[in-house]
Amino acid sequence: MAGIYLIGILFMLISWLVSARLKSKFKEYSQTPLSSGLSGREVAEMMLRDNGITDVKVMSVAGRLTDHYNPADKTVNLSEYVYEARSAAAAAVAAHECGHAVQHAQAYTFLKFRSAMVPALSIASRYMQWIILIGILMLQTTALPLTIGVVLFALTTVFSFVTLPVEFDASKRALAWIDQRGIVTRQEHGMAKDALKWAALTYVVAALGSLATLLYYISLLMGRRD
């Protein structure tokens, strides 16, 4: 069990560092007023219109860095600050979340695959840790519980890696659109790109942490068979 604790501590530390850097960058880029003077809400509504999307609402939600697109009810949810702010960071986040709405409207393959996995993943995540714990405790008797746990954990790992192209593509769409539409200057584009890069890194760290943990569980199974 010591191995899984070390893996967990290592990736928790990396995740904390990346998250702290993201918050720092977002705070820095939020202090520079956007030359176009548009708020996050206005940027989002404009990008949706430009892509012919009329059935998606732009909403304000509580918290910081709580921005997300909900395909179930077709809403772009912007944190309170992003919704009202007029900065490069706010424009980047708003356009990124609308990038997901565009993906949904255009049936982007990885987003469809990711959405299809959600029901199975919600069930797997509910029981997975208990099954893995039981599997480790019973490993000397039978490998079946841990094998089932590893299969369930593999599903969450696949999900985390499928999320990566979804996030990268949404950022790519966002940056291309804010440039083409003249929402940002060259300097502001650099800020927006950097903010989205650090946001994407949080998903990369999560995916790698999940993979490392999966490989550890697999090594336990392989060791038992040896």
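Modeller: Contact here means heavy atoms within 4.5 Å. Keep that in mind as we look at this predicted model.

Biologist: Happy to. Which residues does V43 touch, leaving out those up to four places away in sequence?

Modeller: V43 is one of the residues with the most contacts inside the largest nonpolar core. Setting aside residues up to four places away in sequence, V43 touches L38, A91, A94, A95, W177 and I183.

Biologist: Let me step back for a moment. What pattern does the protein chain follow along the sequence?

Modeller: The protein chain holds seven helices and three strands. Its C-alpha trace spans about 65 × 35 × 25 Å along the principal axes. Read along the sequence, the pattern is α-α-β-β-β-α-α-α-α-α.

Biologist: In what order do the three strands lie in the sheet?

Modeller: The sheet is open and its pairing is mixed. Its edge strands are β1 (57-61) and β2 (68-70), each of which pairs on one side only. From one strand to the next the twist averages 30°. The order of the strands is β1-β3-β2.

Biologist: Do tell me about one pair: what is the bridge partner of V61 in β3?

Modeller: Strands β1 and β3 (residues 75-79) run parallel, and five bridges join them. Within β3, the bridge partner of V61 is S79.

Biologist: Which helix packs on the sheet, touching β1 and β3?

Modeller: This helix covers residues 40-50. Its direction makes about 155° with that of β1. The helix is α2.

Biologist: Back to the largest nonpolar core. Which element gives the most to this core?

Modeller: This core has 39 residues, and V43, V76, L78, W177, I178 and I183 are those with the most contacts inside it. The elements that give two or more residues to it are α1 (2-30), α2, β3, α3 (80-84), α4, α6 (144-180) and α7 (186-225). With eleven residues, the element that gives the most is α4.

Biologist: Is α4 largely enclosed or not, and how many of its residues are buried?

Modeller: Helix α4 covers residues 88-105 and reaches 25 Å from its first C-alpha to its last, close to the 26 Å expected at 1.5 Å a residue. The helix is largely enclosed by the rest of the structure, because the number of its 18 residues that are buried is 16.

Biologist: What is the phi of A107, which follows α4?

Modeller: A107 is in the loop between α4 and α5. A relative accessibility of 42% lies between the 20% and 50% limits, so A107 counts as partly exposed. Although A107 is not a glycine, its phi is positive, at about 55°.

Biologist: And L65: is it buried, partly exposed or exposed?

Modeller: L65 sits in the loop between β1 and β2. L65 is not a glycine, yet it has a positive phi of about 55°. Its relative accessibility is 37%, and the class between 20% and 50% is the partly exposed one. L65 therefore counts as partly exposed.

Biologist: Let me turn to I132. What is its relative accessible area?

Modeller: I132 is found in helix α5 (residues 109-137). Leaving aside neighbours within four places in sequence, I132 is in contact with L146, G149, F153 and Y217. Buried means under 20%, and I132 is buried because its relative accessible area is 1%.

Biologist: How far apart in space are I132 and S210, C-alpha to C-alpha?

Modeller: S210 is found in helix α7. In sequence, I132 and S210 are 78 residues apart. In space, C-alpha to C-alpha, the distance is 14 Å.

Biologist: Which residue's side chain joins that of S210 in a polar contact of 2.7 Å?

Modeller: S210 counts as buried, because its relative accessibility is 12%. Not counting residues up to four places away in sequence, S210 touches F153, T156, T157 and S160. The residue whose side chain makes the 2.7 Å polar contact is T157.

Biologist: How many residues are in the second, separate core?

Modeller: Among its members are M128, A143, F153 and W198. One of these, F153, is in contact with I132 and also touches S210. The number of residues in this second core is 18.

Biologist: One last thing: what percentage of the residues of the protein chain count as buried?

Modeller: Among contacts between residues at least 6 apart in sequence, 73% join residues at least 24 apart. The protein chain has 226 residues, and the share that count as buried is 44%.

How values were computed. Residues are numbered from 1 along each chain as its sequence is written. This is a predicted model: local features need pLDDT of at least 70, side-chain atom pairs count only at pLDDT 80 or more; totals for chains, interfaces and linings use all residues. Side-chain values use heavy atoms; hydrogens and water are left out. Two strands pair if DSSP finds at least two bridges between them. Helices (H or I, at least four residues) and strands (E, at least two) are DSSP runs, numbered from the N terminus. Axes are lines fitted to C-alpha atoms, for helices over the stretch in contact, and angles run from 0 to 180 degrees between N-to-C directions. The expected span of a helix is 1.5 Å times one less than its number of residues. Buried means under 20% relative accessible area, exposed over 50%, partly exposed in between (1.4 Å probe, protein chains only). A nonpolar core is a set of buried Ala, Val, Leu, Ile, Met, Phe, Trp, Tyr and Cys residues joined through side-chain atoms within 4.5 Å. A polar contact is a pair of N or O atoms within 3.5 Å; within protein, one must be able to donate a hydrogen and the other to accept it, and residues adjacent in sequence count only if both atoms are side-chain atoms.
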